[in-house]
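Work through the following exercises with the sequence and the coordinates side by side, and try each task before reading its solution.

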Amino acid sequence: KDTLVIGISHSGETADVLAAMQLAKEKGARTVAITNMMGSQLTREVDSVLYTRTGLEVGVAASKTFTAQVALISLIALKLAGLKKTLPEEEIEFILDQLYSLPEKMQHFLDGSHPIEEIAQRYYDKPFFLYLGRHIGLPVALEGALKLKEISYIPTEAYSAGEMKHGPIALLDEDTPVVCIATDSHVYDKVVSNIQESRARGAHVIAIATDGNEDIQHPRGRCDLRPEDAGLPAGLAGDPPAAATRVPDCAAARDERRPAAEPGEDRHGRVGPTRRGRRLLLVRRSAHGFESARGTSVLRRPSCG
């Protein structure tokens, strides 16, 4: 009885949302619907209704639906914060002003000059896309991946960037575009780290960044941006393909490089899974075999000349 359950459905007829709201009412909870359709079944099942009033979805990619739902949820949060005094009044007013200015900001972006067409031409025939985001960037990545699948029929996966190493990173190669939500926030530096990891595996990175952020085009450790990429605006920066990365402490090993591991053999010569032979280990030849740049023996066998 002390729980508020909010059900979100654009059509108001989504079966799983309806079932969840019915269960919530059976448990005695108060229920609120966020929907676009007046008179839908969801509006008849709940105690209160908030309408998004976004009109009919003309196309599959109805981004207005997602945007309106997020804005309405934000208004609910701000209203509760004001009633409970958990945020200063001036902070609530500031956030409200920013929310009300969204249409103007969106129009400003749409009227701007961005290399979206060029990026689309470069990557439209790629077989797989990966979207990454952290914090509030994650739901944006999920929505972006959903739209790409719905419109272009390109296999796409969206992941929390913090879990990038738990599976998705194994899918990256020189044919993979990675869309990173890299707007200014307290997790920005961590997103930059994910971008570097993606580039280290040869993937192409498309960064969605805050206007005015010039550093996103020149992340730490990169020195090989092509001239045509250097001129991209920070709002949507495309990454050059198959970029190389610097390896720390490798000056002593600059002359010679050991080839990538053979299939079935890891970089230390042990039998096991490999990353498709894409990673190079910088080494120097010694009398007893190969040594790493730091001098630690990584593979000992008789010299074959």
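## Exercise 1: a strand and its two faces

In this predicted model, strand β4 is mostly covered, since five of its five residues are buried. Task: determine which residues of β4 point one way and which the other way, and find the residue that stands opposite Phe129 in β5.

Solution. Begin with the general expectation that side chains in a regular strand alternate between the two faces of the sheet. In β4, Phe129, Tyr131 and Gly133 point one way, while Leu130 and Leu132 point the other way, and all are buried. Then turn to the partner strand: β4 and β5 (residues 156–160) pair in the parallel sense over five bridges, and in β5 the residue opposite Phe129 is Thr156.

## Exercise 2: the nonpolar cores

Task: establish which elements give two or more residues to the largest nonpolar core.

Solution. First look at the members: this core has 19 residues, of which Leu132, Leu172, Val178, Ile195 and Ile216 touch the most other members. Next, assign the elements, which are β4 (129–133), β6 (177–182), α8 (188–200) and β7 (204–209); the largest share, four residues, is provided by α8. Finally, keep apart a second, separate core of twelve residues, with Phe129, Ala141, Leu148 and Ile154 among them.

## Exercise 3: two packed helices

Task: classify the packing of helix α4 (residues 89–100) and helix α5 (residues 102–111) from their angle and axis distance.

Solution. The angle between the two helices is about 45°, and their axes lie 4 Å apart. Because of this angle, α4 is oblique to α5. The contact itself is made by Gln98, Leu99 and Tyr100 on the α4 side and by Leu102, Pro103 and Lys105 on the α5 side. Sorted by class, the contact of α4 with α5 has four nonpolar residues, one polar residue and one charged residue.

## Exercise 4: two residues and their surroundings

Task: decide whether Ser9 is buried or exposed, and do likewise for Lys147.

Solution. Ser9 lies in the loop between β1 (4–8) and α1 (15–26). Its relative accessibility is 3%, and because the cut-off for buried is under 20%, Ser9 counts as buried. Not counting residues up to four places away in sequence, Ser9 touches Thr14, Val17, Ile34, Thr35, Asn36, Leu42 and Gln69.

Lys147, by contrast in location, belongs to helix α7 (residues 137–152). With a relative accessible area of 14%, Lys147 is buried. Neighbours within four places in sequence left aside, Lys147 is in contact with Val60, Ala61, Ala62 and Ser63.

Methods
Residues are numbered from 1 along each chain as its sequence is written. This is a predicted model: local features need pLDDT of at least 70, side-chain atom pairs count only at pLDDT 80 or more; totals for chains, interfaces and linings use all residues. Side-chain values use heavy atoms; hydrogens and water are left out. Buried means under 20% relative accessible area, exposed over 50%, partly exposed in between (1.4 Å probe, protein chains only). Contact means heavy atoms within 4.5 Å. Axes are lines fitted to C-alpha atoms, for helices over the stretch in contact, and angles run from 0 to 180 degrees between N-to-C directions. Angles under 35 degrees count as roughly parallel, over 145 as roughly antiparallel, 65 to 115 as roughly perpendicular and the rest as oblique. Ala, Val, Leu, Ile, Met, Phe, Trp, Tyr, Cys and Pro count as nonpolar, Asp, Glu, Lys and Arg as charged, and the others, Gly among them, as polar. A nonpolar core is a set of buried Ala, Val, Leu, Ile, Met, Phe, Trp, Tyr and Cys residues joined through side-chain atoms within 4.5 Å. Two strands pair if DSSP finds at least two bridges between them.
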